[in-house]
Amino acid sequence: MANITLNIEGDLNIYVSEEDGQPDSLYLDGGNSFPETLRIHLEADGEDAESKAEVIYAIPGAAAISMTLHEALTLALNNGGADSLELMPVSGIFIAFNSDDVIIDQSGDCYLAGPSIIFALEDGEIVSLDEEDRKLINKVLEDGTAELTNGAEIRCVFGL
């Protein structure tokens with residue numbers, strides 16, 4: 001078996017290579033602000049330039065962490081995956097997340113309650129975030145973090 005295609009509501013395709021059984025591609029479907037589908041190719045050993053690109057892995061209510069794309073995707077795949085992509089309010093910066101982690105409140109505002117990967121995209125390739133971008137992203141995440149209450153439960157979320 002060369003590849004397996006998994007479709008969850010048509011949003012996510014993971015191709016498993018024959019050699020090691022590990023996912024080698026991740027497809028993220030864009031939302032309203034980014035209608036394209038982005039394919040991220042994963043090298044098993046993380047040796048290609050894109051896998052080594054520095055990104056941010058962020059969980060609402062916790063400090064954002066800089067790491068390689070390969071490390072961030074490994075964490076994401078172990079925590080429910082990522083199937084959606086949105087443009088952040090920072091030029092050329094995108095946020096990938098699991099659509100199951102999106103909460104919509106009564107007024108229609110959307111919030112992200114799960115982990116996300118934040119990265120820069122240039123000419124269709126993921127590139128390392130520079131220091132200025134990381135500072136700006138951390139500011140956006142801080143300013144966009146909120147607490148949602150449901151009875152006694154309080155959840156930290158990012159505004160989308």
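Author: In this text, a salt bridge means a side-chain nitrogen of Lys or Arg that lies within 4 Å of a carboxyl oxygen of Asp or Glu. The model under discussion is a predicted one.

Reader: Why are Glu 131 and Arg 134 said to form a salt bridge?

Author: The closest N and O atoms of Glu 131 and Arg 134 are 2.4 Å apart. The cut-off is 4 Å, and the pair therefore meets the definition. In general, side chains of opposite charge can pair when their charged atoms come close.

Reader: How far apart in helix α3 are Glu 131 and Arg 134?

Author: Glu 131 and Arg 134 are three residues apart in helix α3, and so about one helical turn separates them.

Reader: What makes Arg 134 buried or exposed?

Author: Arg 134 has a relative accessible area of 16%. Buried means under 20%, so Arg 134 is classed as buried. Glu 131, at 43% relative accessibility, falls between the limits of 20% and 50% and is therefore partly exposed.

Reader: How do you know that the side chains of Arg 134 and Glu 54 meet in a salt bridge?

Author: The N to O distance for Arg 134 and Glu 54 is 3.1 Å, and a distance within 4 Å is what the definition requires. This pair links distant parts of the chain: Arg 134 lies in helix α3 (residues 131-144) and Glu 54 in strand β4 (residues 54-58), 80 residues apart. Glu 54 has a relative accessible area of 27%, and is therefore partly exposed. Together, Glu 54, Glu 131 and Arg 134 are linked in a network of salt bridges.

Reader: What makes Asp 143 and Lys 139 a salt bridge, and where do these residues lie?

Author: The side chains of Asp 143 and Lys 139 meet at 3.2 Å, N to O, which satisfies the limit of 4 Å. Both residues lie in helix α3, four residues apart, about one turn of the helix. Asp 143 reaches 53% relative accessibility and counts as exposed, because exposed means over 50%. Lys 139, at 46%, counts as partly exposed. By this rule the count of salt bridges comes to three.

Reader: Why is the surface patch that holds Glu 122 given a charge, and which charge is it?

Author: The patch is formed by Glu 122, Asp 123, Glu 125, Asp 130 and Glu 132, and its charge is negative. Asp and Glu count as negative, and the patch is named so for that reason. One of its members, Glu 122, is placed in strand β10 (residues 116-122).

Reader: What makes Leu 129 buried or exposed?

Author: Leu 129 has a relative accessible area of 4%, which is under 20%, and so Leu 129 is buried. Leu 129 is placed in the loop between β11 (125-127) and α3. Beyond its neighbours within four places in sequence, Leu 129 is in contact with several residues, including Glu 54, Val 55, Ile 118, Arg 134 and Ile 137. The C-alpha atoms of Leu 129 and Val 55 are 6.1 Å apart, although 74 residues separate the two along the chain.

Reader: Why is Leu 77 classed as it is by its accessible area?

Author: Leu 77 has a relative accessible area of 30%; this value is neither under 20% nor over 50%, and Leu 77 is therefore partly exposed. Leu 77 lies in helix α2 (residues 69-78).

Reader: How many of the 160 residues in the protein chain, as a percentage, are buried?

Author: Buried residues make up 37% of the 160 residues. The secondary structure of the chain comes to three helices and 13 strands.

Terms used: Residues are numbered from 1 along each chain as its sequence is written. This is a predicted model: local features need pLDDT of at least 70, side-chain atom pairs count only at pLDDT 80 or more; totals for chains, interfaces and linings use all residues. Side-chain values use heavy atoms; hydrogens and water are left out. Patches are made of residues with over 30% relative accessible area and no salt bridge: like charges are joined within 9 Å, nonpolar side chains (Val, Leu, Ile, Met, Phe, Trp, Tyr) within 5 Å. Accessible areas come from the Shrake-Rupley method with a 1.4 Å probe; for residues, only the protein chains shown count as cover. The place of a charge is taken as NZ of Lys, CZ of Arg, CG of Asp or CD of Glu. Helices (H or I, at least four residues) and strands (E, at least two) are DSSP runs, numbered from the N terminus. Buried means under 20% relative accessible area, exposed over 50%, partly exposed in between (1.4 Å probe, protein chains only). Contact means heavy atoms within 4.5 Å.
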